[in-house]
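I opened this notebook to keep a record of what I looked up, one topic per entry. The entries follow the order in which I went through the coordinates.

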Amino acid sequence: SSPRRRRKSFLTQLMPFAYPVILGILETLVQMSQKAASSMALLPFGGESQMCHPTFWVSWLLLALLTVFVIWWLRKGLSHLEASRLLPVEYGTVTSTSIVGGLVIYKEWELVSPFSRGMMGVGILLILIGCALVGRRKTIKKRFDPGYKITHDYLPRLKTQLNLHTGLHAQHHRRTA
C-alpha cells in the first residue's frame, strides 16, 4: 500500500472524531461563557454593576454566538454520523475539556490537591480511551441491531401469537357462554 493510501485511511479513521470533538469543544466554550456572563450578571445585586465593562457584553455575545454554533454543528454532525457514535464522543469531549477548562480558566487547580489532579488526569485518560473505542467501532449490521430485531422480528411474532391466543380465548368463551 502506498503512503498516500495509508494517509487517506488514517484521515478516514479520524473523521468519526472530528464532528463530536469540535462539538464538545464548542459546548465547553458555551459553558465557560455562560459561567462568565452569569457571574457578571449577578454582581449588580451586590452593588457592583458590570454593564459598563466590555467584558460583560463580550461574554454575552460569545454565549449567544457559540450557542448558535453548537446547534449548527450538532445538525451537521448528526447528518454525517449516527447519534450512537456522535454523542458518546461529544459527551466525553465536553467532560474532559470542562474539567481542564475549569482548572485552567477559573484556577480551580489551586483548590485541588496534587493527588486529586492526578486522579482527574486518569479519569480524562479513561474518557479518551472510551471515546477512541466508541469512535472506531463499525456500525452494527441491521440484522444484529437489537432495536431492529425487536421491531422487525420479535414484535410481529408476538403480535401474531397474541392475536392467535386472543382469538382462541374468545372462541372458547363463546362456546362456554
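Entry 1, a methionine. I began with M32, which has a relative accessible area of 11% and therefore counts as buried, the cut-off being under 20%. I note for all entries that the model is a predicted one. M32 belongs to helix α1, which covers residues 3-42. Leaving out residues up to four places away in sequence, I listed the contacts of M32 as S98, G101, G102, I105 and Y106. I also looked up the pair M32 and S59, whose C-alpha atoms lie 9.0 Å apart although 27 residues separate them in sequence.

Entry 2, helix α3. Three of the residues touched by M32, namely S98, G101 and G102, are also listed among the buried residues of α3. I checked the length of this helix, which runs over residues 83-105: with 23 residues at 1.5 Å a residue it should span 33 Å, and I found its end C-alpha atoms 30 Å apart, which agrees. The buried residues of α3 include R85, L86, V89, T93, V94 and L103. After α3 comes K107, and I noted that its phi is positive, near 55 degrees.

Entry 3, a glutamate. Is E90 buried or exposed? I found E90 in helix α3, and its relative accessibility is 3%, so I entered E90 as buried. Its contacts, apart from neighbours within four places in sequence, are P20, L23, G24 and E27.

Entry 4, helix α4. I repeated the length check for residues 114-136, where 23 residues at 1.5 Å each should span 33 Å, and the end C-alpha atoms are 33 Å apart, which agrees. The buried residues I found in α4 are I124, C131 and G135. On the surface I recorded a nonpolar patch of about 740 Å², made by F115, M119, V122, L125, L126, I129 and L133. From this patch I looked more closely at M119, which is found in helix α4; M119 has a relative accessible area of 44%, so I wrote it down as partly exposed.

Entry 5, cysteines. How many disulfides does the structure hold? I counted 0. For reference, a disulfide is a covalent bond between the sulfur atoms of two cysteines. I looked up two cysteines for their accessibility: C52 comes out at 63% relative accessible area and is therefore exposed, whereas C131, at 8% relative accessibility, counts as buried.

Technical notes: Residues are numbered from 1 along each chain as its sequence is written. This is a predicted model: local features need pLDDT of at least 70, side-chain atom pairs count only at pLDDT 80 or more; totals for chains, interfaces and linings use all residues. Side-chain values use heavy atoms; hydrogens and water are left out. Buried means under 20% relative accessible area, exposed over 50%, partly exposed in between (1.4 Å probe, protein chains only). Contact means heavy atoms within 4.5 Å. The expected span of a helix is 1.5 Å times one less than its number of residues. Patches are made of residues with over 30% relative accessible area and no salt bridge: like charges are joined within 9 Å, nonpolar side chains (Val, Leu, Ile, Met, Phe, Trp, Tyr) within 5 Å. Accessible areas come from the Shrake-Rupley method with a 1.4 Å probe; for residues, only the protein chains shown count as cover. A salt bridge is a side-chain nitrogen of Lys or Arg within 4 Å of a carboxyl oxygen of Asp or Glu. A disulfide is a pair of cysteine sulfur atoms within 2.5 Å.
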